[in-house]
Amino acid sequence: MPNLSKKSTAQQKIAETEALLKTIEIANPRFEAHVLIAHSLQIDRFTLLRDRERVISEEEELRLNKIVSRRLQYEPIPYILKKQEFWNLPFQVTPDVLIPRPWSEEIVINVLNAIENGLKADRILELGVGSGCLLLSILSELPDSQGVGVDLSSKALKIAAINAQNLGMSKRTQFIKSNWGQEVTGLFDIIVANPPYLTTSDYDFLKKPMREYEPRSAYISGKDGLCDYKVLAPEIKRLLAPKGQVFLEADASRKYLITDVFKKHNFTLTHEFDNTITAFLTLRYSDVSATADKRHNNPTDVSATADSRHNSPTNK
């Protein structure tokens with residue numbers, strides 16, 4: 001247990017906790033001290049800052065000791081607090097799901113931008129739903145849309161369902177246990193996914209909290225980091241509605257390899273953005289055979305138009 005003094009004020013606890021967190025080189029120890037102490041006192045951080053002279057009770061002292069001990073073992077704060085904010089919404093999280101990252105909000109932004117440009121959004125599918133942060137954040141902006149979340153983990157599906165209920169979206173969501181899209185039927189206008197994209201060797205270089213506390217299966221995708229994408233591409237092709245779009249989060253160093261996997265299934269990359277570490281890809285399916293047949297039978301085909309111009313007396 002941390003050696004925290006008894007009968008202290010909140011201000012003293014802030015200083016003591018900050019000093020302890022500095023010993024393990026936490027990036028922002030003072031802020032984390034505020035968060036952990038506020039949680040142990042069962043108040044918000046702003047109330048703590050306004051009442052720093054309050055005396056800590058023995059019960060509060062015990063709670064704080066336990067919480068700080070966990071953090072000193074590098075356990076991520078969202079798992080300690082059992083919550084993480086994403087898209088300005090509160091999500092329950094446990095070690096059964098990946099902690100939502102703020103940069104993943106880029107997928108939500110890309111989806112909403114595409115909708116503004118005419119993308120239909122009646123039915124939305126998230127493959128590998130985890131906490132539900134992507135699906136539910138998108139649905140929070142689209143009150144008339146329905147969503148389906150898929151995960152192989154029953155525990156993850158339970159967390160996603162709890163978050164849907166807490167956010168008032170239970171009636172608009174369905175959660176299915178499936179290995180990616182295998183158990184899913186129907187067509188979806190929007191499909192989002194943040195699949196595993198690291199190799200085994202990549203995983204070994206992750207920071208200790210990620211390796212020791214977050215689900216390993218959420219990170220590793222075979223020896224080349226592409227195994228899950230190779231499974232996903234044909235399944236997404238089957239599930240994507242005509243004119244639908246796919247929104248992916250990926251490893252920036254492998255974004256072209258991932259795009260190539262989808263190109264083999266006639267997907268076209270329509271938008272990409274990366275922050276040098278993570279890439280965000282938007283793709284649509286192009287039915288090459290259907291397009292070819294349409295051109296062959298359509299009197300307005302480019303070649304037919306060229307012939308008509310060639311034979312027209314007004315052609316110059």
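## Exercises on a predicted model

In β5, Gln 174 is the bridge partner of Val 148. The model is predicted. Start from this pair.

**Exercise 1.** Determine in which sense β4 and β5 pair, parallel or antiparallel, and over how many bridges.

*Solution.*
- Locate the strands: β4 covers residues 146–151 and β5 covers residues 173–177.
- Place the pair: Val 148 bridges to Gln 174 in β5.
- Read the sense: the two strands run parallel, with five bridges between them.
- Add the connection: helix α8, residues 154–166, joins β4 and β5 in a β-α-β unit. This unit is right-handed.

**Exercise 2.** Work out the surroundings of Glu 249: is the residue buried or exposed, and which side chain of opposite charge is nearest?

*Solution.*
- Place the residue: Glu 249 sits in strand β7, residues 240–251.
- Check burial: Glu 249 is buried.
- Look for a partner: the nearest side chain of opposite charge is Arg 101, at 7.7 Å.
- Apply the cut-off: a salt bridge needs a nitrogen–oxygen separation within 4 Å. Glu 249 has no salt bridge.
- List the contacts beyond four places in sequence: they include Trp 103, Ser 104, Ile 107, Asn 194, Tyr 197, Tyr 229, Thr 278 and Phe 280.

**Exercise 3.** Compare Tyr 74 and Trp 180: what is phi at Tyr 74, and what is phi at Trp 180? Then classify each by accessible area.

*Solution.*
- Recall the background: most residues other than glycine have a negative phi.
- Take Tyr 74: phi is near 70°, a positive value. Tyr 74 lies in the loop between α4 (58–72) and α5 (77–81).
- Take Trp 180: phi is near 55°, also positive. Trp 180 lies in the loop between β5 and β6 (188–193).
- Classify Tyr 74: its relative accessible area is 27%, so Tyr 74 is partly exposed.
- Classify Trp 180: its relative accessible area is 13%, so Trp 180 is buried.

**Exercise 4.** Assess the confidence of the model: which helix has the lowest mean pLDDT, and which the highest?

*Solution.*
- Begin with the whole: the mean pLDDT is 86, and 88% of the residues score at least 70.
- Go to the elements: α14 (residues 302–311) has the lowest mean, 33, and α7 (residues 133–140) has the highest, 98.
- Widen the view: pLDDT is below 50 over residues 289–316. Beyond near neighbours in sequence, this stretch makes five contacts in the model.

**Exercise 5.** Summarise the fold in counts: how many helices and strands does the protein have?

*Solution.*
- Count elements: there are 14 helices and nine strands.
- Count burial: 47% of the 316 residues are buried.
- Check contact range: of contacts between residues at least 6 apart in sequence, 64% join residues at least 24 apart.

Terms used:
Residues numbered from 1 in each chain as written. Predicted model: local features only at pLDDT ≥ 70, side-chain atom pairs only at ≥ 80, totals over all residues. Heavy atoms only, no water. Pairing = 2+ DSSP bridges. Helix = DSSP H or I, 4+ residues; strand = E, 2+ residues; numbered from the N terminus. Right-handed = clockwise from strand over helix to strand, strands pointing away. Buried < 20%, exposed > 50% of the residue type's maximum accessible area, 1.4 Å probe, protein only. Lys, Arg positive; Asp, Glu negative; His and termini not counted. Contact = heavy atoms within 4.5 Å. pLDDT = per-residue confidence, 0-100.
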